[in-house]
Amino acid sequence: MPSIEPIIWWILEAVAVASLLVAEHRGFRKAIIFSKMAASSIFLGYAVALGAFDTGTGSILFLGLVLCWLGDALLLPPGQTLWFQLGIGSFLLGHLSYAATFFGLGLHFPTLIVATAIILSASWTTLVWLRPKIPADFSVAVTSYVVVIGTMVACAFAAFAAGAPCSVAIGAMLFATSDLSVARERFVSQSFVNSAWGLPAYFAA
């Protein structure tokens, strides 16, 4: 069976994300559900096509993608619900999988130390911004998530410095950036603007 060319996966993803943005803008709930899960399923298919199961690190990375797929499903209900908390947990575990993947690629420890210091500052700023707006029952989950995604980003830069492709660092930064849009939507101000830049950043990551 012939494999699908990478450009086809990118086109399918772009179409799904564009459809999701249109659905979000118009408030079509069924279309949002379908297009979001289609976009998430496409990145799973792309990973398999690229040989995710050919290596141990690839398999761990795929586990992270599956956990993010589950997180996407859990985040479909709007508002600050139990499903949202479970979604945070699923993404948290996904980021731990990504960090383990990058560790398996090898880390440049001087870069890891510098990146950790910078990201700690950025994470602290983010928590200061969010803390007054986060309900008490979300405090531990959000704080833990910020710490874990910061760890993932630091490991990504350290892996890049050790010889991993630059897409590792770029993807990690895009993922962290997209999470700011989710935090703003759920805790600060609901607006289509959050989706307009957050969703493309997330699926590109």
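Let me begin with the cysteines: when the whole structure, which is a predicted model, is searched for disulfides, zero are found. Why is there no bond for C68? The sulfur of C68 lies 15 Å from the closest cysteine sulfur, the one in C155, and that is too far for a bond. Seen from the other end, the closest cysteine sulfur to that of C155 is the one in C68, so the 15 Å between them rules out a bond here too. As for their surroundings, C68 counts as buried because its relative accessibility is 1%, and C155 is also buried, with a relative accessible area of 10%.

C68 leads us on to F175, since C68 is among the residues that F175 contacts once neighbours within four places in sequence are left aside. The other contacts of F175 include F91, H95, Y98, Y145, I149 and M152, together with Y202 and A205.

Now let me turn to the largest nonpolar core, which has 55 residues, and in which F102, V142, M152, F175, F187 and F203 touch the most other members. At least two residues of this core come from each of the helices α1 (6–26), α2, α3 (56–74), α4 (82–105), α5 (109–130), α6 (139–161), α7 (166–188) and α8 (192–204). Which helix gives the most to this core? That is α6, which supplies twelve residues.

Let us look next at α5, which has 22 residues and reaches 30 Å from its first C-alpha to its last, close to the 32 Å expected at 1.5 Å a residue. Within α5, the buried residues are L112, A115, I119, S123, T126, L127 and L130. These cover an arc of only 105 degrees around the axis, which means that they sit on the same side of α5. The helices α6 and α7 are included in what covers the buried residues of α5. On the face of α5 turned away from that buried side, we find the exposed residues I113, I118, L120 and W124.

I would like to finish with a single serine, S35, which lies in helix α2, a helix that runs over residues 29–49. Is S35 buried or exposed? S35 counts as buried, because its relative accessibility is 5%, and the cut-off for buried is under 20%. A polar atom of the S35 side chain lies 3.4 Å from the backbone oxygen of I32. If we again leave aside neighbours within four places in sequence, S35 is in contact with A16, S19, L20 and A23.

Methods
Residues numbered from 1 in each chain as written. Predicted model: local features only at pLDDT ≥ 70, side-chain atom pairs only at ≥ 80, totals over all residues. Heavy atoms only, no water. Helix = DSSP H or I, 4+ residues; strand = E, 2+ residues; numbered from the N terminus. Buried < 20%, exposed > 50% of the residue type's maximum accessible area, 1.4 Å probe, protein only. Polar contact = N/O pair within 3.5 Å; in protein donor to acceptor, adjacent residues only side chain to side chain. Contact = heavy atoms within 4.5 Å. Core = buried A, V, L, I, M, F, W, Y, C linked by side-chain atoms within 4.5 Å. Expected span 1.5 Å × (residues − 1). Arc of directions from axis to C-beta. Disulfide = S-S within 2.5 Å.
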